[in-house]
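Ready for a little structure practice? Have a look at the sequence and the model, then work through the exercises below.

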Amino acid sequence: METIKLYQQDVYMKECTAKVISVESDLVLLDRTVFFPVGGGQSCDLGTVAGYEVTEVFEEGDKVYHRIREPFQLEAGQQAECSIDWARRFDNMQRHCGEHILSGIFFREFGGVNRGFHMGDDYMTIDISLEEDPSITEITWEMAKHAELCTNEVIWSNAPVTVRRFKTREEAEKMPLRKKLAIDEEISIVCVGDINNAADCVACCGTHPSTAGQVGLVKLYKVEKNKGMFRIYFEAGKRALLDYDKKHDLLTVLGNRYSASADDLLEKMDARKEKDKAIKNELTVLRQSVIESRVSDIRKDLKAADGEVLIYEFGDMKTDDLLNIGRPVMQEVKKLLLIISTNDNTLLLFSDGTVNCGKLVKENASIYNGKGGGNATSARAIFPKREGLDTYIQLLINHLR
Ligand SMILES: [Zn+2]
């Protein structure tokens, strides 16, 4: 027994009462349904049958099956109230119809044929193949924006969206189709606008709003080359509005951050970047001068030293900068020079070679959970706690006394 497809009679029907024909495992067959099954690039409706959650709807032959989340209690012969998730359906209808109009416009304006469609969570894509007009070999962003405007003009005109059903291919082919038919009988042809000047006319079994205006908005995001075709990223309906909201909010935050409007935001961001660059350069010069001054201080201390271990600690520089302080004076060290980075409990060891720095780290640092290594004249050790570092230094002093 064929399922009566109420969604084909009235796409706005959200509920119905149906008779259960059969229940097999988790699949329920009804005599009639408002649930659109997956197909034609459109996902299926979800909702409830007799209050039980519908997780999947698909068509097999002329029957529509509803997969119900178990456990549930339904028996053949009983009446069941069916209800679809209308927000989900309308979202599908807006997006799907938006894709129709955009595809129709790419065909009309540039002879581009839609050869692929994907409906993702964040955007939709169509793959446009330029095959009808040899003089057009690419889709530039300007061309895409022209198609976007034409598409929205069709939406603003609130053109009617009609579905005509034909028994045979011969009858259906009399329509101004943008794409060759893939089936031979029981063909649904969807038209946006008057058939004598349709914005789109193509075979489709999906669900569509009755007028183009209900699509609301179509926004193109980008165009990219893909396998000899042009992939158009876009969104339609409420999702396009929500995306506009998100991007507008982001622009507002950026505008506040840079005390700018959308008109001068880029200019102000560039100016800030230049300023940052100047500050960075200034910092490099200052850092170099601090390093040189510290090298000179340590050099003086080294000259005056009498074989004792010299220790310095700094909390205002990165380890790499501290290396630049120790290296120039390495050959002047009489026993051992220690530089501590208090930021990350790193110890740098320098020596003229009379003491083997790498060996000192390798053999003893691990006792205080220190990690590191190096060679005879320079080495480093990192400690998880300052305590361990201090104890290790005390050990070195005692050892070298
Ligand atoms: Zn369709």
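Here are three short exercises with worked solutions.

This is a predicted model, in which local features need pLDDT of at least 70, side-chain atom pairs count only at pLDDT 80 or more, and totals for chains, interfaces and linings use all residues. Residues are numbered from 1 along each chain as its sequence is written.

**Exercise 1.** Find the domains and describe where domain 1 touches domain 2.

*Solution.* Start with the bounds, which come from an automatic or database domain assignment: domain 1 (4-84), domain 2 (90-247) and domain 3 (282-400). Next, take the centres of domain 1 and domain 2 over C-alpha atoms; they are 29 Å apart. Then look for contacts (C-beta atoms, placed from the backbone, within 7 Å): eight residues of domain 1 meet nine residues of domain 2.

**Exercise 2.** Trace the closed barrel and its pairing.

*Solution.* Strands here are DSSP runs (E, at least two residues), numbered from the N terminus, and two strands pair if DSSP finds at least two bridges between them. Follow the six strands in the order 2-3-7-6-5-8, with antiparallel pairing. Now zoom in on strand 5 (residues 47-49), which three bridges join to strand 8 (residues 79-84). Within this pair, Val49 has Cys82 as its bridge partner.

**Exercise 3.** Which way do the residues of strand 13 (residues 200-203) point?

*Solution.* Asp200 and Val202 point one way, while Cys201 and Ala203 point the other way. All four are buried (20 or more other C-beta atoms within 10 Å of the residue's own, with C-beta atoms placed from the backbone). Finally, check the neighbour: strand 12 (residues 185-192) runs antiparallel to strand 13, with four bridges, and Cys191 is the bridge partner of Cys201.

Key
Two residues are in contact if their C-beta atoms, placed from the backbone, lie within 7 Å. A residue is buried if 20 or more other C-beta atoms lie within 10 Å of its own, exposed if 12 or fewer, and partly exposed in between; C-beta atoms are placed from the backbone.
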